[in-house]
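Hi there,

Here is the structure I promised to pass on. Have a look at it first, and then read my notes below.

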Amino acid sequence: MNYRYSDYSVEQLYKEIGELKEKAQKAEQLGNISEVQINERKMQVAISYTMNPADFKPEEIYQLKMEPGFRFLIEYIDGIFAWGYRINLLDERYEKIEALPIALLGKKVDK
């Protein structure tokens, strides 16, 4: 049966995260980069379901965990996704809005 992560218990989420991590490591050993990326993205979504979206606020800026040098300005939160804009090292805001799982957001940055 296929369930949505939103239907999982916290224990099921952690079990799934562990299994996805194993799959990603095996794929990496085999040199299958696209499979590594798929499993890592699923892992980020599953981890996001173990977090509290209310901890992330619109109009706040957060570091991006996987991309040092980039920050993320949140426009709004929808479920476990933060919608907003990347900001680069030169303080330039990207024009395209995007959605990121909240697990990718790091510490809040003071403005």
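**What I found**

From start to end of the sequence, the protein chain runs in the pattern α-α-β-β-β-β-β. That gives 2 helices and 5 strands. Please keep in mind that this is a predicted model.

A few overall figures to begin with. The C-alpha trace of the protein chain spans about 40 × 30 × 20 Å along its principal axes. The protein chain has 111 residues, and 33% of them count as buried. If you take contacts between residues at least 6 apart in sequence, 39% of these join residues at least 24 apart.

**The two helices**

Helix 1 covers residues 10-29 and helix 2 covers residues 33-48. They pack with their axes 8 Å apart, at an angle of about 165°. Angles over 145 degrees count as roughly antiparallel, and helix 1 and helix 2 are therefore roughly antiparallel to each other. Their crossing is left-handed.

If you would like to highlight the contact in your viewer, helix 1 contributes Leu13, Ile17, Leu20, Lys21, Lys23, Ala24, Ala27 and Glu28. From helix 2 come Glu35, Val36, Asn39, Glu40, Lys42, Met43, Ala46 and Ile47. By type, the residues of this contact are 9 nonpolar, 1 polar and 6 charged.

**A glutamine to look at**

Also in helix 2 is glutamine 44. Is this residue buried or exposed? Glutamine 44 has a relative accessibility of 12%, and buried means under 20%, so glutamine 44 counts as buried. And what does glutamine 44 touch, leaving aside residues up to four places away in sequence? Its partners are Met66, Pro101, Ala103 and Leu104.

**The sheet**

The 5 strands make an open sheet, with antiparallel pairing, and their order across the sheet is 4-3-2-1-5. At the edges are strand 4 (98-101) and strand 5 (105-109), each of which pairs on one side only. From one strand to the next, the twist averages 50°.

One pairing you may want to zoom in on is that of strand 1 (residues 61-64) with strand 5, which is antiparallel and runs over 3 bridges. For a landmark, find tyrosine 62: opposite this residue stands lysine 108, in strand 5.

Happy to go through any of this with you on screen.

Best wishes

Technical notes
Residues numbered from 1 in each chain as written. Predicted model: local features only at pLDDT ≥ 70, side-chain atom pairs only at ≥ 80, totals over all residues. Heavy atoms only, no water. Axes fitted to C-alpha atoms, helices over the stretch in contact; angles between N-to-C directions. Helix = DSSP H or I, 4+ residues; strand = E, 2+ residues; numbered from the N terminus. Parallel < 35°, antiparallel > 145°, perpendicular 65-115°, else oblique. Left-handed = near helix turned anticlockwise from the far one by under 90°. Contact = heavy atoms within 4.5 Å. Nonpolar A, V, L, I, M, F, W, Y, C, P; charged D, E, K, R; others polar. Buried < 20%, exposed > 50% of the residue type's maximum accessible area, 1.4 Å probe, protein only. Pairing = 2+ DSSP bridges.
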